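Subject: Structure for you to look at

Dear colleague,

Please find below the structure that I promised to pass on to you, together with its sequence. Once you have had a look at it, read on for my notes on what was found.

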Amino acid sequence: MINKYIDNSVSILQWFVFLLANALALPIIIGGIFQLSPAEISALMQRTFLVVGVSSCLQAWLGHRYPIADGPAGSWVSIFVILGQVGMHQGQRAADVLQILEGGLLVAGLLLFFLGVTGLVHRILRIFTPLVTGTFLLILALQLSGVFLKGMMGLQGAVSRPNYITATIAFFVFAMITVLSIKGKGWVKSYAVLLGILCGWILYAVFGDLSHRSSSTSLVQLPELFAWGTPKFDLGMTLTAILFTFLLVANTISAISAVQQVAPLSQESEKKVLTRSIWIGGISHMISSIFSTIGVVPLPASAGFIRLTGQKKVKSFLIAGLILAGISLIPSIVNFISLIPGPIANAALLAAFVQMIGISFQTLLRESLDQRRLTILGIGLLLGIGIMFLPEIAFNGIPASLQYVLSNGLLVGTLIVIMLEQLWKE
């Protein structure tokens, strides 16, 4: 009985840490891009914790009903980064750009909700073949690997020189989690992520800087609504959000498909699971806009985490989500949690993405890779990943609406594979 209680408690703790790690790193990155103050970054983190906790619970309860963590979407982060850079080059204020992004989140949320509630998502379901979802997972993992590596090396915000002490600790944590997840036995293998983060936190306390990012004297503090201001609707952002909705559907399919491979918990038809997840995803995006956060989506990396730890219990996952949402209302706890070093959180996420690379190849190999599919895959990967290496000024001479689309390697690569799959029939 005691062992079962301990096992359940540690399972909840591991899910909590995973939800936290995903919610922790990206707000810091966005804060640096838009030059937010430490207090604004802490407030963004508080709102992110609330949205991630609520959205994860909604999906596990009413949506797909799998233990799939919702978190700030790496695909949305790319939109935030691109729009932030374009806006700054054009002399726009950060506040104006963030309000346009709020409007984009609302558009995407309303469209997702409509597709899910009406069932129209099944009309477009046939375009999301294993080749499309596998390509999406692979490009997403490769794109975010750069974000996580920068975070591990302390290259965030205005920092342009790596912190080698921080980087050494982060790479040690990455290696520790990877080795323990492969070579560990029993509970050590199951709790590899938790052990890695705790060890990295201790090392960071000894050799790094754990100063508070902000402070608050309030016992309970409700998150601010529309903290970035009233949403603004921009034609370019609206078109991008409509196109981006297809990517969000691909993201949801990829996350559910990946987790079903490692945790086949339900015999329900895929159509019912997807329909519920899509309209709940629409609600999550509207909540993200209302609370001024990065759009949250089911994270395909959850499959890597489940494979790493063996944690498949939906009940433990729900409790962890509720805890994260609850503590977001207590500033003192948020401030303490924000002490988890960003480089350590990035290292833990990168370790989970090692598994996601494997899952992307497993998805691609569900169908035989004949000459046609290999050619389509090659074109999508070369153009999608190649865009990531272009300089920021590459698309400066074209309309802003096209800049948002063409400078996003994940969006371009996935759309190319979708179009070639439909136009080039076997």
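**The surroundings of H122**

If we leave aside the neighbours within four places in sequence, H122 is in contact with K271 and T275. Please keep in mind while reading that this is a predicted model, and that every value in this message was computed from it. With K271 there is a polar approach to point out, since the backbone oxygen of K271 lies 3.4 Å from a polar atom of the side chain of H122. As for its place in the chain, H122 is found in the loop between helix 4 (94-118) and helix 5. Its relative accessible area is 23%, and because buried means under 20% and exposed means over 50%, H122 counts as partly exposed. You may also like to locate H122 and G384 together on the screen, as they are 262 residues apart in sequence and 26 Å apart in space, taken from C-alpha to C-alpha.

**Helix 5 against helix 15**

Two packed helices are described by the angle between their axes and by the distance between those axes. For helix 5 (residues 130-152) and helix 15 (residues 371-388), the angle is about 25° and the axes are 11 Å apart. Angles under 35 degrees count as roughly parallel, so helix 5 is roughly parallel to helix 15. The crossing of these two helices is right-handed. On the side of helix 5, the contact is made by L131, T135, L138, I139, L142 and Q143, while helix 15 brings R373, I376, L377, G380, L381, I385 and M388. Sorted by character, the residues of this contact divide into nine nonpolar, three polar and one charged.

**Two residues with a positive phi**

Most residues other than glycine have a negative phi, which is the background for the two cases that follow. F226, although it is not a glycine, has a positive phi of about 45°, and its place is in the loop between helix 8 (192-207) and helix 9 (235-262). S292 is not a glycine either, and has a positive phi of about 50°; you will find S292 in the loop between helix 10 (270-290) and strand 2 (296-298).

Are these two residues buried or exposed? F226 is partly exposed, with a relative accessible area of 32%, whereas S292, at 0% relative accessibility, counts as buried.

With best wishes

How values were computed
Residues are numbered from 1 along each chain as its sequence is written. This is a predicted model: local features need pLDDT of at least 70, side-chain atom pairs count only at pLDDT 80 or more; totals for chains, interfaces and linings use all residues. Side-chain values use heavy atoms; hydrogens and water are left out. Axes are lines fitted to C-alpha atoms, for helices over the stretch in contact, and angles run from 0 to 180 degrees between N-to-C directions. Helices (H or I, at least four residues) and strands (E, at least two) are DSSP runs, numbered from the N terminus. Angles under 35 degrees count as roughly parallel, over 145 as roughly antiparallel, 65 to 115 as roughly perpendicular and the rest as oblique. A crossing is left-handed if the near helix is turned anticlockwise from the far one by less than a right angle, and right-handed if clockwise. Contact means heavy atoms within 4.5 Å. Ala, Val, Leu, Ile, Met, Phe, Trp, Tyr, Cys and Pro count as nonpolar, Asp, Glu, Lys and Arg as charged, and the others, Gly among them, as polar. Buried means under 20% relative accessible area, exposed over 50%, partly exposed in between (1.4 Å probe, protein chains only). A polar contact is a pair of N or O atoms within 3.5 Å; within protein, one must be able to donate a hydrogen and the other to accept it, and residues adjacent in sequence count only if both atoms are side-chain atoms.
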